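Colleague: I would like to learn how to read the places where parts of a protein meet. Could we go through an example together?

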Amino acid sequence: MSEKIATRDAYGKALVELGKENPAVVVLDADLSHSTKTIKFAEAFPQRFFNAGIAEANMTGVAAGLATAGKHPFISSFAVFAAGRAFEQIRNSIVYPNLSVTVAASHAGVTVGEDGGSHQAIEDIGLMRLLPGMTVIVPADAIETAGAVRALASYNGPSYLRLGRLAVPQVNTEDYQFQVGKATVLKEGETVAIFACGLMVAKALEAAEKLADQGISAAVINVSTIKPLDNETIIAYAKKCGAVVTAEEHNIIGGLGSAVAEVLAENCPTKMARVGIEDKFGQSGSPAELLELYGLTAENIAQKAETLLK
Amino acid sequence: MTTEAFAAELRFRAIDMLIKAGSGHPGGSLSAADIIAYLFNEELNINPQNPDMPERDRFVLCKGHAAPALYCALAMRGFFPLKELDTLRKLGSPLQGHPDMKKLPGVDMSTGSLGQGLSVACGMALAAKLDGQSNNVYAVLGDGEQAEGQVWEAAMFAAHYQLDKLIAFLDLNGLQIDGTTKAVMDSAPLDDKWRSFGWAVQVIDGHDLNAIKAAVAKAKTEKTPSMIIAKTVKGKGVSFMENNVDWHGAAPKGEQAELALAELRKGVSL
């Protein structure tokens, strides 16, 4: 197995690559550049990096102003603050005027770990998905993060990029080409379709192996774009398999599971189960302990699939 | 057209469009009218034939509810036909209740949610600095808006990054929806506050066009961002609206509408 890399590390590295070829890219952070990894860009391009201090609302507005003048700002903080604290600034200063700013939020989900529930965003996908015209991306690994950063820099309109603190395994091949709005089938299967995003994609692949041992053929689909959702692929695999499990490191309310349920309820009602955080806040603990505690495991995905198929 | 005549016509048109709309914010449109009239008639380097000209000066109406004053200034400068002013707040109109840059040429930023505009103006000034452009960025804030924490985040940012091309006006009319700013949330002393945040501060009569002009000229020479605190009268120009908080967010109707227009028509040739 290849080396595990956190998507935030891949983000920092990708920004530097992008900065070399695209002078319109500017980066802002709210005093967390060492954690969000924008420090790499700050060191490479000090003239195009702006620390806004611990003032996420203003940082968001400044990015909007930069975007009106043709810059493409990437703004970073922890997801709780980037999407939560500055929600209305994102809404009214970035998304309502349809400005091309990427809110790149790290430390999403419970795998923030020891810092505890105050710092673990479990609601950010839902918040961002509710905004008309917002694009929401949750990359599964370093390769996909690099592709997403590059795609969003030339994307017309606002976007939210959800990144994690924890190092995660590679699930995509080296030649993978990320496309906004395109889900990727990582494993074909016939009996149950597992739609996952972020670090849960790797768990879904593990779950598929466990299910194979039980004689169950599971398809695994990486739904890295939560919005606009790849309805076509989701409906096709729901129809093909007849049973669906979603998996995300987010509240089961408002995230990927909700998005998939909405599409299927209207287009092809399918029995389904959602794996995610069951409407609870996080808490302190190691990432591994927290993933276990909140049921964000391959075992839980497999178990939910088996229960559905009974 | 003299700026005095421009301001008089702007006031008349702003109230006329509010009457036709049946709702909106007359008080704050009239208090900011002279500032906006000066900027759009004399100061801003803008081009109605090319509203997105990259080197143009920027204008952010942070107190977006004064949209009628901005719309009149833009229409009078030829950004869109004057007759469109009659569509204010109507379904399908580019003249939304609060400014919408997606819908109306000449609007540099969508505003209306108080506290957010100055941050955006900072971003515009920062972009100009990065690109080595010499354009100025103007912003008009309200005094009730001074209670928003984000305003002070932006104040710190502008001083920290030495955004000397940023020139803001504070429309100090002393009233907000729920009453006097002193009673609702006293933000005084605002001159000391802005000064202590690292801004060059001037205090002027916001209805004295010469004073506005002189203040902008001085602001342009500063090495820091500038705040021009403009003491104004809410509802300026309509006798029964002046200093009366009831006219923050209500359009005049019937006899009051006629009276308001009669008072504002003086000195206006249409």
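Colleague: How much area is buried between chain A and chain B, and what share of it do carbon and sulfur atoms give?

Modeller: Bear in mind that this is a predicted model. The size of an interface is often given as the accessible area lost when the parts come together. Here chain A and chain B bury about 2000 Å² between them, and carbon and sulfur atoms give 60% of that area. The contact involves 26 residues of chain A and 23 residues of chain B. On the chain A side, A:Phe50, A:Asn58 and A:Tyr96 supply 26% of the buried area, more than any other three residues.

Colleague: How many residue pairs are in polar contact across the interface of chain A and chain B?

Modeller: The rule finds eleven such pairs, with both residues at pLDDT 80 or more. As for where the chain A side comes from, strand S3 (49-51), helix H4 (56-68) and helix H6 (87-95) of chain A each give two or more residues. The largest share, nine residues, comes from H4(A). Sorted by class, the side of chain A that touches chain B has twelve nonpolar, ten polar and four charged residues.

Colleague: How many salt bridges are there between chain A and chain B?

Modeller: The count is one salt bridge. The side chains of A:Lys71 and B:Asp131 form a salt bridge, at 2.5 Å from N to O.

Colleague: Where in chain A is A:Lys71 found? And why is A:Lys71 called buried or exposed?

Modeller: A:Lys71 sits in the loop between H4 and strand S4 (72-78) of chain A. To settle the second point, compare the relative accessible area with the cut-off: buried means under 20%. A:Lys71 has a relative accessible area of 11%, so A:Lys71 is buried. Leaving aside residues up to four places away in sequence, A:Lys71 touches A:Ala24, A:Val26, A:Leu66 and A:Ser100 in chain A, together with B:Ala127, B:Leu130 and B:Asp131 in chain B.

Colleague: Now to a boundary inside one chain. Into which domains is chain A divided?

Modeller: Chain A has domain 1 (4-169) and domain 2 (184-309). The contact takes 31 residues from domain 1 of chain A and 32 residues from domain 2 of chain A. Taken over C-alpha atoms, the centres of the two domains are 25 Å apart. The same kind of area can be given here: domain 1 of chain A and domain 2 of chain A bury about 2400 Å² between them, 59% of it on carbon and sulfur atoms. A:Val110, A:Ile122 and A:Arg129 supply 30% of the area that domain 1 of chain A buries against domain 2 of chain A, more than any other three residues.

Colleague: Which residue does A:Arg129 meet in a salt bridge?

Modeller: The partner is A:Glu262, with 3.1 Å from N to O between the side chains. Across the interface of the two domains of chain A, the rule finds one salt bridge. There are also 20 residue pairs in polar contact there, both residues being at pLDDT 80 or more. On the domain 1 side, helix H7 (124-129) and strand S6 (135-137) of chain A each supply at least two residues. H7(A) gives the largest share, four residues. The residues of that side divide into 15 nonpolar, nine polar and seven charged.

Colleague: How many salt bridges does the structure hold over all chains?

Modeller: Over all chains there are 25 salt bridges. One of them joins the side chains of A:Asp124 and A:Arg162, at 2.8 Å from N to O. A:Asp124 lies in helix H7 of chain A and A:Arg162 in strand S7 (residues 159-162) of chain A, so this pair ties together parts that are 38 residues apart in sequence. A:Asp124 is buried at 1% relative accessibility, and A:Arg162 is buried at 5%.

Colleague: Is the pair A:Glu299 and A:Lys210 a case of buried or exposed residues, and what are the values?

Modeller: Partly exposed, in both cases: A:Glu299 has 43% relative accessibility, and A:Lys210 has a relative accessible area of 32%. A:Glu299 forms a salt bridge with A:Lys210, the closest N and O atoms being 3.4 Å apart. A:Glu299 belongs to helix H13 (residues 298-309) of chain A and A:Lys210 to helix H9 (residues 200-213) of chain A, so the pair ties together parts that are 89 residues apart in sequence.

Methods:
Residues are numbered from 1 along each chain as its sequence is written. Chains are lettered from A and ligands numbered from 1 in the order in which they are written. This is a predicted model: local features need pLDDT of at least 70, side-chain atom pairs count only at pLDDT 80 or more; totals for chains, interfaces and linings use all residues. Side-chain values use heavy atoms; hydrogens and water are left out. Domain bounds come from an automatic or database domain assignment. Contact means heavy atoms within 4.5 Å. Buried area is the accessible area (1.4 Å probe) that two parts lose on being put together, summed over both. A salt bridge is a side-chain nitrogen of Lys or Arg within 4 Å of a carboxyl oxygen of Asp or Glu. A polar contact is a pair of N or O atoms within 3.5 Å; within protein, one must be able to donate a hydrogen and the other to accept it, and residues adjacent in sequence count only if both atoms are side-chain atoms. Ala, Val, Leu, Ile, Met, Phe, Trp, Tyr, Cys and Pro count as nonpolar, Asp, Glu, Lys and Arg as charged, and the others, Gly among them, as polar. Buried means under 20% relative accessible area, exposed over 50%, partly exposed in between (1.4 Å probe, protein chains only).
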